[in-house]
Amino acid sequence: MKALFATVLLLLALPAPAEILALRAGAVIDPSRGTVDRDQTILVENGVISAIGAELAVPAGARVLDLTHEWVLPGLMDAHTHLTLTEVTGDAPFESFYIKESTSYRAMRGLHNAQALLAAGFTTVRDIGNSGEYAMQDVRRAIEHGWFAGPTIIDAGKIITPFGGQSHEIPPEQGSFWKYEYLDADSVAEIRKAVRTNIYYGAGVIKLVLDNSAYHYSLEEVRAAVEEAHRAGVPVAVHVYGGEAADTAIEAGVDSIEHGFFLTDAQLKKIHDKGIFLVSTDFPRALLDVIGTSGGIFPPPEVLAPKIIDRLTRAHRLGVRIVYGSDIVMERAGQTRADLMFDYLAVWKQAGLTPMETLRGMTSEAAQLLRVDATRGRLARGLAADLIAVPADPLTDIEALRRVDFVMKNGHIVRQGARIAP
Ligand SMILES: [Zn+2]
């Protein structure tokens, strides 16, 4: 408890970091190369890493931060969040969360969660839809304006689905009220319009749902989405569990498969060969027990939990590019979303991923999928100073990530534990 009070969290606003910062790091982990370098100095100027190395001279007047007892690594990334969404669990209908909450209220929740993630070391997130009338766009813009500290956000706008959103058995007299949360698109032309609508409102990724209904998108339809999105420089992520819909997504050349719980080895092999990323959203059993079937969107926990580990094990063995994505949409008393996100580390360990592979899926691989790798995801000269430090070696025990005691975002210190002087 004492350590908690000694940790300084600076999350309200971000003054411009005019000074030069010199970070003395005991060890720097580079997941992209799989290396560890001892006794490094990292110079940070104007939010960017201006130099990194072992024998660097510290410029006169620089503020020196002592991280010599720490392991320093790039800021973490989560490629599948829904920060404005809190699902109503139990027997409540899936739609409950968006029927009872305004977009502005959800934007505030989104900011609250975004700051909790940043404080825990997640410096970039991809928010993959479900934010009412584009709530996450405004959270992103408010952070980009510097009104609030927060992670870099790439957001999807509204999720594009065949008629019905992710709802089932809504009586006709209710109308298609899911339009406040989803975009129905039921032809090539409607898909192109839906993609353009999201991009108009600032989407940095397009999300399609492929197998949440008895009717699935055709190859022609998914190809249209990919073509339209790629023309605007935006990747396509698809919600799909497996089966024919997964074949369609793979054939159409989407950028990432989200979930993919029931993918076969043959499908994983194709995903590998085409360089498609798997954002595996590997729910731990304890979380699945809370979520239940999510109104029919998920199979029961006892079916899903072993499938998740089996599929991740096979994807890893086949060399698929795996990117970390949590997909957390619920609360647990006394814990932040970030606390829950670290529960996924045990699943990755069980599936055979090494700590270095896990870190890669949370940093450099994620940066490539999110198309931010020119500016983030590694610690190198010219890249944004997004970095974290932990007090124990995460390559020995990946759970060390839970104990992050230093977070820097674009050169701003947002968390500084008592171990770090001054
Ligand atoms: Zn999701």
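Trainee: Which residue follows helix α7, and what is the sign of its phi?

Mentor: In this predicted model, helix α7 covers residues 243–252. The helix is followed by a glycine whose phi is near 75 degrees, a positive value. The residue is Gly253, and the sign of its phi is positive.

Trainee: Against which elements do the buried residues of α7 pack?

Mentor: The buried residues of α7 are Ala245, Ala246, Thr248, Ala249, Ile250 and Ala252. Their packing partners are two helices and two strands, namely α6 (219–231), α8 (265–274), β12 (236–240) and β13 (256–259).

Trainee: Which residues coordinate the zinc ion, and through which atoms?

Mentor: The donors follow the spacing H-x1-H-x244-D along the chain. Their distances to the zinc ion are 2.1 to 2.2 Å. The residues are His80 through NE2, His82 through NE2 and Asp327 through OD.

Trainee: How many residues apart in sequence are the parts that His80 and Asp327 tie together?

Mentor: Both His80 and Asp327 coordinate the zinc ion. His80 belongs to strand β6 (residues 76–81), whereas Asp327 sits in the loop between β15 (321–323) and α11 (337–341), so the pair links parts of the chain separated by 247 residues.

Trainee: Is Asp327 buried or exposed?

Mentor: The phi of Asp327 is near 60 degrees, a positive value in a residue other than glycine. The relative accessibility of Asp327 is 8%, and the cut-off for a buried residue is under 20%. Asp327 therefore counts as buried.

Trainee: Where does Arg371 lie, and what is its relative accessible area?

Mentor: Arg371 also has a positive phi near 60 degrees and is a residue other than glycine. Its place is in the loop between α14 (364–369) and β16 (387–390). Arg371 is partly exposed, with a relative accessible area of 41%.

Trainee: What area do domain 1 and domain 2 bury between them?

Mentor: The domain assignment gives domain 1 as 2–75 + 377–416 and domain 2 as 76–369. The contact takes 32 residues from domain 1 and 30 residues from domain 2. Carbon and sulfur atoms account for 68% of the buried area, which is about 2400 Å².

Trainee: Which strand gives the most to the side of domain 1 that touches domain 2?

Mentor: Between the two domains there are seven residue pairs in polar contact. On the domain 1 side, β2 (21–30), β3 (35–45), β5 (63–74), β17 (406–409) and β18 (412–416) each supply at least two residues. The strand that gives the most, with three residues, is β17.

Trainee: How many salt bridges does the rule find across the interface of domain 1 and domain 2?

Mentor: The structure as a whole holds 31 salt bridges. Across the interface of domain 1 and domain 2, the number found is one.

Trainee: With which residue does Asp343 form a salt bridge at 3.1 Å?

Mentor: Asp343 is buried, with a relative accessible area of 18%. The side chain of Asp343 meets that of Arg402 in a salt bridge at 2.8 Å, N to O. For the salt bridge in which the closest N and O atoms are 3.1 Å apart, the partner of Asp343 is Arg332.

Trainee: What separates Arg141 and Asp138 along their helix?

Mentor: These two residues form a salt bridge, the closest N and O atoms being 3.4 Å apart. Arg141 is partly exposed at 46% relative accessible area, and Asp138 is partly exposed at 43%. Because they are three residues apart in helix α4 (residues 135–144), the separation is about one helical turn.

Trainee: Is Asp30, the salt-bridge partner of Arg33, buried or exposed?

Mentor: The side chains of Arg33 and Asp30 meet at 2.8 Å, N to O. Arg33 counts as exposed at 54% relative accessibility. Asp30, at 10% relative accessibility, counts as buried.

Trainee: Which backbone nitrogen lies 3.0 Å from a polar atom of the side chain of Asp186?

Mentor: Asp186 is placed in the loop between β10 (182–184) and α5 (188–200). Leaving aside residues up to four places away in sequence, Asp186 touches Pro162, Phe163 and Glu221. The backbone nitrogen at 3.0 Å is that of Phe163.

Trainee: What is the relative accessible area of Thr124?

Mentor: Thr124 lies in strand β7 (residues 122–127). Its contacts, not counting residues up to four places away in sequence, include Leu76, Asp78, Arg376 and Lys409. Thr124 is buried, and its relative accessible area is 0%.

Note on methods: Residues are numbered from 1 along each chain as its sequence is written. This is a predicted model: local features need pLDDT of at least 70, side-chain atom pairs count only at pLDDT 80 or more; totals for chains, interfaces and linings use all residues. Side-chain values use heavy atoms; hydrogens and water are left out. Donors are N, O and S atoms within 2.8 Å of the metal (3.2 Å for Na, K and Ca); water is not among the atoms, so sites may look incomplete. Helices (H or I, at least four residues) and strands (E, at least two) are DSSP runs, numbered from the N terminus. Domain bounds come from an automatic or database domain assignment. Contact means heavy atoms within 4.5 Å. Buried area is the accessible area (1.4 Å probe) that two parts lose on being put together, summed over both. A salt bridge is a side-chain nitrogen of Lys or Arg within 4 Å of a carboxyl oxygen of Asp or Glu. A polar contact is a pair of N or O atoms within 3.5 Å; within protein, one must be able to donate a hydrogen and the other to accept it, and residues adjacent in sequence count only if both atoms are side-chain atoms. Buried means under 20% relative accessible area, exposed over 50%, partly exposed in between (1.4 Å probe, protein chains only).
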